Amino acid sequence: MEKTIDIICIGEVLIDFIGHEVNTSINRTKDYHRFLGGSPTNVAVNAARLGLKSVLIATCGQDGLGEYIVRKLKANNVITSQIRKSEAEPTSVIFVSKSTGTPDFIPYREADCKIERSQITDELLQQARIFHTTCFALSKNPARTTILEGAKKAKALGLQTSIDINFSERIWPDREEAKKVLSEYLETNPLVKLSEDDCYRLFSESKTEDYIFEYFHGLGASTICLTKGKDGVVLSDKNFGIFHQKAIPVENIKDATGAGDAFWTGFLYAQLLNKNFEETITIAQKLAVLKLQNVGRLPEGINIPELLNV
């Protein structure tokens with residue numbers, strides 16, 4: 001079957017209420033601005049902005065915020081046919097402090113984890129090239145079971161799986177369960193993205209790069225990309241070896257929320273273009289920098305591929 005879809009993103013769709021005051025705790029933030037949020041949602045939107053065909057498989061509420069989500073996705077050319085609107089649960093929301101570092105947040109999770117098997121069809125998988133999800137999405141059932149089954153099927157049909165291990169104990173308090181579920185997903189040999197913060201939270205202590213790479217390679221992932229903020233990126237690939245790239249210096253960081261999603265969209269985009277790892281990370285970093293310099297989402301009215309020199 002002809003590949004008419006570049007990337008399927010499956011997982012949390014929600015509303016981010018991002019604080020209006022920079023580097024202010026949630027306790028002291030007075031005003032919040034509403035943004036479309038959720039890591040796989042950000043990747044789907046960013047991918048569409050890059051000219052890729054992206055599908056979001058997710059669940060929101062049958063409510064005003066759910067309507068806002070679908071309207072925003074359509075405005076960004078994301079395929080919304082697999083979005084389910086639940087009448088039983090409202091749309092999930094997260095309050096986020098605006099930060100130049102790792103933001104603080106309070107989650108109110110409702111409809112986002114109610115992803116059902118009927119939302120992933122074999123026909124859809126056969127048309128796609130990449131199947132992407134997140135640790136957040138795997139933290140609750142029924143989404144967890146749906147995603148694990150979908151990933152195994154995707155792998156069998158020849159898709160490249162992908163995961164952002166955006167672990168947070170506030171989203172998933174049972175670390176051992178999280179590791180078990182991740183090990184099941186990693187059997188599909190996904191491209192793995194994780195940050196130093198994610199690793200610290202998952203292992204509840206600092207681990208060396210060697211430990212992190214050995215751990216995730218051991219579970220079945222060939223390619224692991226570890227982002228280290230101002231210290232750049234380290235990629236470990238079973239065939240290619242270890243590769244380190246410095247960070248691009250960024251003046252005037254306006255909002256760090258979604259920077260990791262922008263980075264990973266750039267990474268997947270470059271991989272779809274068959275770029276080598278060096279070029280891939282450069283493209284990913286450029287997209288992340290663009291995000292860091294803008295509040296909420298990537299800026300409107302610019303030709304992103306042109307900006308990335310792709």
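User: How much surface does the protein expose, and what share do carbon and sulfur atoms supply?

Analyst: Accessible areas come from the Shrake-Rupley method with a 1.4 Å probe, and for residues only the protein chains shown count as cover. Here the protein exposes about 13,300 Å². Carbon and sulfur atoms supply 47% of that area. Note that this is a predicted model: local features need pLDDT of at least 70, side-chain atom pairs count only at pLDDT 80 or more, and totals for chains, interfaces and linings use all residues. Side-chain values use heavy atoms, without hydrogens and water, and residues are numbered from 1 along each chain as its sequence is written.

User: What percentage of the residues count as buried?

Analyst: Buried means under 20% relative accessible area, exposed over 50%, and partly exposed in between (1.4 Å probe, protein chains only). Of the 310 residues, 56% count as buried.

User: How many helices and strands are there?

Analyst: Helices (H or I, at least four residues) and strands (E, at least two) are DSSP runs, numbered from the N terminus. The protein has 10 helices and 13 strands. Its radius of gyration is 18 Å, close to the 19 Å from the globule rule for 310 residues, so the protein is as compact as a globular protein of that length. That radius is taken over C-alpha atoms, and the rule is 2.2 Å times the number of residues to the power 0.38.

User: How many residues of helix 1 are buried?

Analyst: Helix 1 spans residues 39-49, and 11 of its 11 residues are buried. Among them are Pro40, Val43 and Arg49. Just after helix 1, Gly51 takes a positive phi of about 90 degrees.

User: Which residue other than glycine has a positive phi near 55 degrees?

Analyst: Asn189 does. Asn189 sits in the loop between helix 5 (175-186) and strand 10 (191-195). Its relative accessibility is 24%, so Asn189 counts as partly exposed. Now take Asn252, with a positive phi near 60 degrees. Its loop runs between strand 13 (241-245) and helix 8 (259-272). At 55% relative accessibility, Asn252 counts as exposed.

User: Which residues does a cis peptide bond join?

Analyst: Asn141 and Pro142, with omega about 0 degrees. Pro142 is in the loop between strand 8 (128-134) and helix 4 (143-156).

User: How many disulfides does the structure hold?

Analyst: A disulfide is a pair of cysteine sulfur atoms within 2.5 Å. This structure holds 0. For Cys9, the nearest cysteine sulfur is that of Cys60, 16 Å away. Cys9 is buried, with a relative accessible area of 0%. For Cys60, the nearest is that of Cys113, 13 Å away. Cys60 is also buried, at 1% relative accessibility.
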